[in-house]
Amino acid sequence: QVQLVESGGGSVQAGGSLRLSCAASGSIYSNYCMAWFRQAPGKEREGVATIYIGYISGVNPDYAESVKGRFTISLDNAKKTLYLQMNSLQREDTAMYYCAAARARLYQNCPMVPGDFVHWGQGTQVTVSS
């Protein structure tokens, strides 16, 4: 049984920063993918960033074009905690952010496809105001 619990969301002004955390429990090991997705009201869920869980640490981070250079995904294997550091936040980043996990289908490859992920957290709200 895998459980994912997000935290760290909140309200921030444009240009500010937030760090999201996702605490994982249960059977998550190496050769898993973990990811952050987001969904704004009236929009489809979209991928933000993914990372492959290697034997020692997270590898091969990947980002949506809209967040490249501003967001950083990282993984603390020992703590089974996924992070998303979000800098230079924009109003367009306002959304509910979800943590997700699934066994990787390909070695070190984690496509940003919601349907590929089996385990999901409840989400944490991020609101960016101008």
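I began by fixing what accessibility classes I would use: buried means under 20% relative accessible area, exposed means over 50%, and partly exposed covers what lies in between. I also kept in mind that this is a predicted model.

**Entry: aromatic pairs.** I searched the whole structure for pairs of aromatic rings, and the search gave 5 of them. I looked at Y52 and Y107, whose ring centres lie 5.7 Å apart with the planes at 75 degrees, so I noted the pair as edge-to-face. I then looked up where the two residues sit: Y52 belongs to strand β5 (residues 46-53), while Y107 is in the loop between β9 (95-103) and β10 (119-120), so the pair ties together parts that are 55 residues apart in sequence.

**Entry: accessibility of that pair.** I found Y52 at 3% relative accessibility, which counts as buried, whereas Y107, at 63%, counts as exposed.

**Entry: F117 and W120.** I turned to the rings of F117 and W120, whose centres are 6.5 Å apart and whose planes stand at 70 degrees, so this pair is edge-to-face. I recorded F117 as buried, with a relative accessible area of 6%, and W120 as partly exposed, because its relative accessibility of 28% falls between the two cut-offs of 20% and 50%.

**Entry: the cluster and R45.** I noted that F117 and W120 join F37 and Y98 in one aromatic cluster. Which rings of this cluster does R45 lie over? I found R45 over the face of Y98, 3.9 Å from the ring centre, and I also found the charged end of R45 over the ring of W120, at 4.7 Å from its centre.

Conventions: Residues are numbered from 1 along each chain as its sequence is written. This is a predicted model: local features need pLDDT of at least 70, side-chain atom pairs count only at pLDDT 80 or more; totals for chains, interfaces and linings use all residues. Side-chain values use heavy atoms; hydrogens and water are left out. Rings of Phe, Tyr and Trp (its six-membered ring) pair if their centres lie within 6.5 Å; planes under 30 degrees apart count as stacked, over 60 as edge-to-face and the rest as tilted. Helices (H or I, at least four residues) and strands (E, at least two) are DSSP runs, numbered from the N terminus. Buried means under 20% relative accessible area, exposed over 50%, partly exposed in between (1.4 Å probe, protein chains only). A charge sits over a ring if NZ of Lys or CZ of Arg is within 6 Å of the ring centre and within 35 degrees of the ring normal.
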